[in-house]
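User: I would like to learn how to read side-chain pairings in a model. Please give the general idea each time, then the case at hand.

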Amino acid sequence: MSILGIIVLVFVVLFIFIFNSLIMKRNMVDNSMALVDAYLKKRFDLIPNLVAAASQYMKHESETLSKIAEMRANAKSVAEKSSLDCQLTGTLRNFMVQVESYPDLKASENVMHLQRTLNEIEEQLAAARRTYNSSVTDFNNAIQMVPGCFFAPMMRLSKRELFTIPENEKANVDVNALFNR
């Protein structure tokens with residue numbers, strides 16, 4: 001085998017390896033976003049049940065459900081899903097504060113179970129966000145560093161967006177203000 005043949009063979013093997021690696025990383029990002037979507041959907045499905053269980057004590061059910069349904073329907077991009085996540089977190093925070101104000105509701109076994117389930121989903125959602133951001137970082141590094149940066153444009157791969165939250169959501173929660181609503 002000639003030197004030129006060996007060089008071509010090495011280049012083909014290298015191309016196949018890099019191509020497969022980049023595709024795998026892209027698919028991991030897509031899979032991670034699907035996991036975030038699954039937990040957002042799970043949370044979205046749980047909230048109406050939590051509100052329904054508490055409805056005899058609270059008057060905000062229809063407003064809360066309408067707001068959640070509208071937010072969920074409008075979220076398409078990562079940025080919109082991130083914004084939806086923040087809005088739902090705020091809505092849930094307010095709801096939980098209101099639940100604390102009703103001793104009978106707080107003591108209800110169904111509501112306590114739903115609250116525990118919701119907390120579990122929130123933890124799973126946080127883990128899914130971390131997984132997504134890790135996959136995006138790995139993918140972005142792969143397409144921006146040598147040798148991937150040479151192949152990414154040919155494969156039409158571009159940088160992906162991290163799942164982020166707005167600055168106001170990063171601030172400490174003023175619990176006193178929540179109780180004074």
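User: With which residue does Arg160 form a salt bridge, and how far apart are the closest N and O atoms?

Analyst: Side chains of opposite charge can pair when their charged atoms come close. The term salt bridge is used for a side-chain nitrogen of Lys or Arg within 4 Å of a carboxyl oxygen of Asp or Glu. Here the partner of Arg160 is Asp30, with the closest N and O atoms 2.8 Å apart. Arg160 lies in the loop between H6 and helix H7 (167–170) and Asp30 in helix H1, so the salt bridge ties together parts that are 130 residues apart in sequence. Helices are DSSP runs (H or I, at least four residues), numbered from the N terminus.
This is a predicted model: local features need pLDDT of at least 70, side-chain atom pairs count only at pLDDT 80 or more, and totals for chains, interfaces and linings use all residues. Residues are numbered from 1 along each chain as its sequence is written, and side-chain values use heavy atoms, leaving out hydrogens and water.

User: How many salt bridges does the structure hold?

Analyst: There are four. Among them is the one between Glu122 and Arg43, at 2.8 Å from N to O. This pair links distant parts of the chain, with Glu122 in helix H5 (residues 109–144) and Arg43 in helix H1, 79 residues apart. Another joins Asp45 and Lys41, also at 2.8 Å, N to O. Asp45 and Lys41 are four residues apart in helix H1, about one helical turn.

User: Is Arg43 buried or exposed?

Analyst: Buried means under 20% relative accessible area, exposed over 50%, and partly exposed in between (1.4 Å probe, protein chains only). Arg43 is buried, at 0%, whereas its partner Glu122 is partly exposed, at 21%.

User: How many aromatic pairs are there?

Analyst: A pair of aromatic rings is described by the distance of the centres and the angle of the planes. Rings of Phe, Tyr and Trp (its six-membered ring) pair if their centres lie within 6.5 Å; planes under 30 degrees apart count as stacked, over 60 as edge-to-face and the rest as tilted. By this rule there are two aromatic pairs. Phe15 and Phe151 form a tilted one, 5.3 Å centre to centre with 50 degrees between the planes. Phe15 is in helix H1 (residues 3–54) and Phe151 in helix H6 (residues 148–151), 136 residues apart. Phe151 is buried, at 6% relative accessible area, while Phe15 is partly exposed, at 30%. Ring pairs link Phe15, Phe19 and Phe151 into a cluster.

Notes: Helices (H or I, at least four residues) and strands (E, at least two) are DSSP runs, numbered from the N terminus.
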